[in-house]
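Colleague: Could you take me through the aromatic side of this one, with a close look at a single ring pair? I'd also like to hear how the surroundings are built.

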Amino acid sequence: MKKTLLKSMERFLAELKEKAAAHPQWMEQFYTCYANTLDTTVKKMEDGTVHVITGDIPAMWLRDSTAQLRPYVFLAKEDAEIKELLIGLVKRQFFYLCTDIYANAFNEAPNGACWEKDDPDQSPWVWERKFEIDSLCYPIQLAYLLWKNVGCTEQFDANFQKGVREILRVFCTEQHHEEQSSYRFMRSNSYATDTLSRDGKGALVRSGCGLIWSGFRPSDDACRYGYLIPSNMFAVVVLGYLEEIAAEILEDEGLRQEARALKEEVYQAIEAIGKTKTEEFGEIYAYETDGYGMYNLMDDANVPSLLSMSYLGYPADQEIADRTRKFLLSEANPYYFEGSAAAGIGSGHTPSGYIWHIALAMQGLTETDQKEKEKLLDMLTQTTGGKGMMHEGFCKDDPTRYTREWFSWANAMYAELFLDYFGYRLRV
């Protein structure tokens, strides 16, 4: 597979090399990151589906796998093999969703492998069962991008239709988490961020306010308050995708109306209670809220994040989004770090003072100034710790101190920023 796929990319790589002639270091980094994902994380299964491991953990995350292969959508229109890989990934994602709608990461086979055996009845397919809104959003996003950018509709099969109806059911249930949800998550002898309080139910939220509850952030850390605003923003976007798919591909008016109604309800809730006033920055979007008036003002490197709202396509109030961005890229954000090697957003998932390559790439992808994009591409290529690969987090003063030797999502985000700089953007 490696030789075939790399050969199929030759024209694209030659085209990029010419455009990036003034930036050979960027191009070298791009080639390494772009080739690595296909070489090391992708496995085509006997049934034609595609399993994609996250890197140094031998499991497939619904979120990570979409982000890892998203930069290859550019090639899929002209390359049948890459198109089949992407379709195969969507089909495997929806197989997993139909196996356990609340799980976030899955095994290649029903072998019972797991991070921890958190539930005695846990499916042997499930690596981890942390409920995260974004895990249900990413597979819809990839299916939609394939349709809009490549023109293929094979991914909208019976399992897709079954899966999206389950997603809608769960979203509606988790709008009333306190009264209607049976989901619980408890992990013994672990960090507080790795389990949920109140016997696995999570911190108390006000049900029925329109927002969707999430147990965990896209970092896989527990939410402080159960209404995670960036993930609700992502839900609004993909519900819009689903509305369009239902109307134009599936010709399912009931599904279209259901997706539209939920989209509008969540959007109105975000705009009504997902914002709060600050003395320094004025009104900004919050990272989390409980619906009762408590807010967590921060951002996390993992996507969806507040920093990523324009990248995701959320129709934010632009003035409030601009003020939010200023807050996020300042030391008022408890996870924004400045050091001698770099400045950017990190995560509570890694040590204090560690900046994430994903966040630097997202900062670039949401930046309108090409000069600023250049600075961020330079910063990314200069902070690999001599390894020539992106990492999870690295020390703001010393890039040779980092977490995760092999983290494919970060490599993909660098590749996407590189492509964006040279004008390659997906139709969304």
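Modeller: Here is the ring pair, followed by other rings, the strands and some backbone oddities.

A word on the ground rules: this is a predicted model, where local features need pLDDT of at least 70 and side-chain atom pairs count only at pLDDT 80 or more, while totals for chains, interfaces and linings use all residues. Residues are numbered from 1 along each chain as its sequence is written, and side-chain values use heavy atoms, with hydrogens and water left out.

The structure holds 33 aromatic pairs, where Phe, Tyr and Trp rings (the six-membered one for Trp) pair if their centres lie within 6.5 Å; planes under 30 degrees apart are stacked, over 60 edge-to-face, and the rest tilted. Take Tyr267 and Tyr314: the planes of their rings sit at 50° with the centres 5.9 Å apart, so this pair is tilted. It links distant parts of the chain, 47 residues apart: Tyr267 belongs to helix 12 (residues 253-273), and Tyr314 to the loop between helix 13 (309-312) and helix 14 (318-328). Helices here are DSSP runs of H or I with at least four residues, strands are runs of E with at least two, and both are numbered from the N terminus. Tyr314 is buried at 5% relative accessible area, whereas Tyr267, at 23%, counts as partly exposed. Buried means under 20%, exposed over 50%, and partly exposed in between, with a 1.4 Å probe and protein chains only.

Elsewhere, one aromatic cluster includes Phe12, Trp26, Tyr72 and Tyr414. Lys148 lies over the face of Trp147, 4.3 Å from the ring centre; the test is NZ of Lys or CZ of Arg within 6 Å of the ring centre and within 35 degrees of the ring normal.

On to the strands, which pair if DSSP finds at least two bridges between them. Strand 7 (residues 275-278) and strand 8 (residues 282-285) run antiparallel, joined by four bridges, and make a hairpin with three residues between them. Within that hairpin, Thr276 stands opposite Ile284 of strand 8. There is also an open sheet of three strands, antiparallel, in the order 3-4-5. Its edges are strand 3 (60-61) and strand 5 (126-128), each pairing on one side only.

As for the backbone, Val303 and Pro304 are joined by a cis peptide bond with omega about 10°, and Pro304 lies in the loop between strand 10 (295-296) and helix 13. Asp220 is not a glycine, yet its phi is positive, near 75°; Asp220 is buried too, with a relative accessible area of 10%.
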